[in-house]
Amino acid sequence: MLIGSVDPQRMVPPEALEAALAFAVEGDIKAVTPLGRGLINDTYRVKQGSGSWVLQRLNPRVFESPEAIMDNLHAMASHLESKSLDPEGIQLPKPLWTLEGRRLFRSRDDQCWRAITYIDQSLSLERIARPSEAFEVGRALGLFHGLFDDLPPERLHDTLPGFHEAPCYLLALDHRVAQCSLEESSGSVLEALHFIDARRDLVPVLERGKLKGDLHLAIMHGDPKLDNVLFDRASGRAISLIDLDTVKPGLRHYDLGDCFRSCCNAAGEAEGGSVVFDLTIFEALLAGYFKVARGFFSRVDVDYLYDAIRLLPLELGIRFLTDHLLGDAYFKVDHPGQNLLRAQRQFQLVVSIEAQEVALRAIIERLYRG
Ligand code: GN1
Ligand code: MG
């Protein structure tokens, strides 16, 4: 059996094997290897029998109620069971049971593990290389929203209260800043704080839209970044949206903004490369979304799109900066200062979006009018 990987930073701990043995999957376990690039949970691929499945250790600092997450996964799976299979549609990972008939396994060190199906013959992209890939991402996100358009949002738990409610993140930052002594903060931190101060009005824009009745609660994915879109190896079509722990009642605009900020910036979230919001990729992505979302995406929804595009990198930048000021308590880092660098890159993306506002608004209108 193969356990671990050549990268010492990504070793598989023995608890993962203990957890893998607890799930009710047939066949001998052949390998347990790290999977994905997530910043929150630890994820492994388990090769067993003739297939694979996914094992995850849920991060207790982020997800306080793993049971609620599993309830949501089961509610989504049973909602989808009632739908006929669309050959051009997407599939979602399904939860697996433990040998004892439970949804979660607690290892001896009291960590919480769960298992889901592996989407076979698929791959994720590190960056979008061509517009056709962006179109597929947009189509997949639209399909996801469409699949749950007939599920009342309150049927799912709010697994992370405040998650993707932008004003909550600004409050958390203000709270942290009030505790820090700013004289000791670096010039980069102060610069980042000024950047945010100049954009405070933007932060509540979607929540205000909700209060005004312009925007409505729906089922949101919560984390539709490029890493979480799986493509079919053979056809290149998007076939799945994974990482369903953040699926909850929310505004679809957060999903759209998050997907754009992730896909339209080829330089990505990590260091290196210059950060630019790519209009060609954006246009293809939105065209893919509109192709399948016409039935539920209204004129008023369109009016809030530009704000959502600009808001999400600002929101993520605020989250990274807050975590930097908290000593990297939330997002995994490889080195100190990484969350500050991540924040700066999100702010560069905001600047690039703002510089292209006229063109962005024109693309949105043109595509919406079809
Ligand atoms: C986190 O760990 P991962 O990749 O699933 C975060 C997202 C951020 C993302 C940025 C629950 O996602 O909100 O957009 O990092 N998830 C949570 O890479 O906070
Ligand atoms: Mg996630």
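Is Leu325 buried or exposed? In this predicted model, Leu325 is buried, because its relative accessible area is 13%, and the limit for a buried residue is under 20%. Leu325 belongs to helix α10. Leaving aside residues up to four places away in sequence, Leu325 is in contact with Leu173, Arg176, Val177, Cys180 and Val189. The C-alpha atom of Leu325 is separated by 47 Å from that of Pro87, and the two residues are 238 residues apart along the chain.

Val189, one of the residues touched by Leu325, also belongs to the buried set of helix α5. This helix spans residues 187-197, and its buried residues are Val189, Ala192, Leu193, Phe195 and Ile196. These residues lie on the same side of α5, because the arc they cover around the axis is only 155°. Exposed residues are found on the face of α5 turned away from the buried side, where Glu191 and His194 are located. The buried residues of α5 are covered by elements that include α4 (166-179), α10 (305-325) and α11 (338-355). Helix α10, which contributes to this cover, is the helix in which Leu325 lies.

A second buried position is Arg57, in strand β4, which comprises residues 51-57. Arg57 counts as buried because its relative accessible area is 14%, against a limit of under 20%. With residues up to four places away in sequence not counted, the contacts of Arg57 are Pro13, Glu15, Asn41, Asp42, Tyr44, Asp109, Gln111, Cys112 and Trp113.

The surroundings of ligand 1 were examined next. There are 16 residues around ligand 1, and those that come nearest are Leu39, Lys225, Glu269, Arg319 and Tyr330. Classified by residue type, the shell consists of eight nonpolar, two polar and six charged residues. Polar side-chain atoms of several residues lie beside oxygen atoms of the ligand. For Lys225, the separation between a polar side-chain atom and an oxygen atom of ligand 1 is 2.6 Å. For Glu269, a polar side-chain atom is likewise placed 2.6 Å from an oxygen atom of ligand 1. In the case of Arg261, a polar side-chain atom is found 3.4 Å from an oxygen atom of ligand 1. Ligand 1 taken alone exposes 440 Å², of which 96% is buried by the protein.

Methods
Residues numbered from 1 in each chain as written. Chains lettered and ligands numbered in written order. Predicted model: local features only at pLDDT ≥ 70, side-chain atom pairs only at ≥ 80, totals over all residues. Heavy atoms only, no water. Buried < 20%, exposed > 50% of the residue type's maximum accessible area, 1.4 Å probe, protein only. Helix = DSSP H or I, 4+ residues; strand = E, 2+ residues; numbered from the N terminus. Arc of directions from axis to C-beta. Contact = heavy atoms within 4.5 Å. Near = heavy atom within 4 Å. Polar contact = N/O pair within 3.5 Å; in protein donor to acceptor, adjacent residues only side chain to side chain. Areas by Shrake-Rupley, 256 points an atom, 1.4 Å probe, with all protein chains shown as cover. Nonpolar A, V, L, I, M, F, W, Y, C, P; charged D, E, K, R; others polar.
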